[in-house]
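This note is addressed to a colleague meeting the structure for the first time. The points below concern the surroundings of its two ligands.

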Amino acid sequence: MEYLDNINKLEFNSLDNELRDYAKMHDVPIIQDMGLHFLRQVIMLKDVKTILEIGTAIGYSAIQMAKLGCYVDTIEINENSYNIAIENIKKANLSDKISVYLGNALEIDLNKLKKYDLIFIDAAKAQYMNFFNRFKELLNDKGVIVTDNLLFHGLVLNDNIESRNLRQLVNKIRKYNTWLISQTDFDTSIYDIGDGMALSIKK
Ligand code: SAH
Ligand code: MG
């Protein structure tokens, strides 16, 4: 909503603005501002110290989370994005707070990772259920999993999608949404924030 987008304020430095412009120009789906507001406050409320992110892209969300004092491990499958993220994290002087792993999150050796207070799932939407099941083991007691893009630009509400591929992807997201809510080891709510975000609290 434009009113709230304007009234809620986030502080961005020149590097943040550079990354935001880059994302816009190159169609990189970085976290939306309201999504970032939400994530920041979850981090503060839960006193989150360690974060695992699935899907680094250019490092924008990892940088925003690390700025709050968190340690972030983040996984990126695309080598070009990985290289850009490493550069951006260096520029942000956050190389000691963020470790970027190159590879498929579904194949990464879990022994390389730690335990986390928060896991942010923000990669290939068709794989969300697999990400959730694979990484929930790495969650600390009372930890939380945040999943992004669950409304997929509103497409999840649209029953008349022409493209077959898109329709299949949207159906996968719908399936994930109902599956996620039904997981009894987590308390989950899905919010109309940013591109649609779920907060799942481990019981
Ligand atoms: N979290 C970022 C945006 C991530 S966009 C931000 O808000 O700033 C999603 C990213 O996930 C893309 O860069 C894509 O290459 C990556 N990705 C997709 N599938 C993946 C997988 N299986 N493992 C790791 N990364 C993946
Ligand atoms: Mg996202």
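1. Two elements, α4 (60-66) and β2 (71-76), each contribute at least two residues to the shell around ligand 1. The reader should bear in mind that this is a predicted model.

2. Around ligand 1 there are 20 residues, of which I31, G55, S61, E76 and D122 come nearest. Sorted by class, the shell around ligand 1 holds eleven nonpolar residues, six polar ones and three charged ones.

3. Backbone atoms of the protein also approach ligand 1. A backbone N or O atom of G55 lies 2.8 Å from a nitrogen atom of ligand 1, and for I77 the corresponding distance to a nitrogen atom of ligand 1 is 3.2 Å. In the case of I31, a backbone N or O atom lies 2.9 Å from an oxygen atom of ligand 1. On its own, ligand 1 has 590 Å² of accessible area, and the protein covers 88% of this.

4. Which pocket does ligand 1 take up? The space taken by ligand 1 is the largest pocket.

5. The magnesium ion (ligand 2) is coordinated by D122 (OD), D148 (OD) and N149 (OD1), at 2.1 to 2.2 Å. Along the chain, the donors of the magnesium ion follow the spacing D-x25-D-N. D122 lies in the loop between β4 (116-121) and α6 (128-135), and N149 in the loop between β5 (139-147) and α7 (164-182), so the pair ties together parts that are 27 residues apart in sequence.

Note on methods:
Residues numbered from 1 in each chain as written. Chains lettered and ligands numbered in written order. Predicted model: local features only at pLDDT ≥ 70, side-chain atom pairs only at ≥ 80, totals over all residues. Heavy atoms only, no water. Near = heavy atom within 4 Å. Polar contact = N/O pair within 3.5 Å; in protein donor to acceptor, adjacent residues only side chain to side chain. Areas by Shrake-Rupley, 256 points an atom, 1.4 Å probe, with all protein chains shown as cover. 1 Å grid on protein atoms, 1.4 Å probe; cavity = no way out; pocket = protein on both sides within 12 Å on 5 of 7 lines; lining within 4 Å. Sits in = over half its atoms within 2 Å of the grid points. Helix = DSSP H or I, 4+ residues; strand = E, 2+ residues; numbered from the N terminus. Nonpolar A, V, L, I, M, F, W, Y, C, P; charged D, E, K, R; others polar. Donors = N, O, S within 2.8 Å, 3.2 Å for Na, K, Ca; no water.
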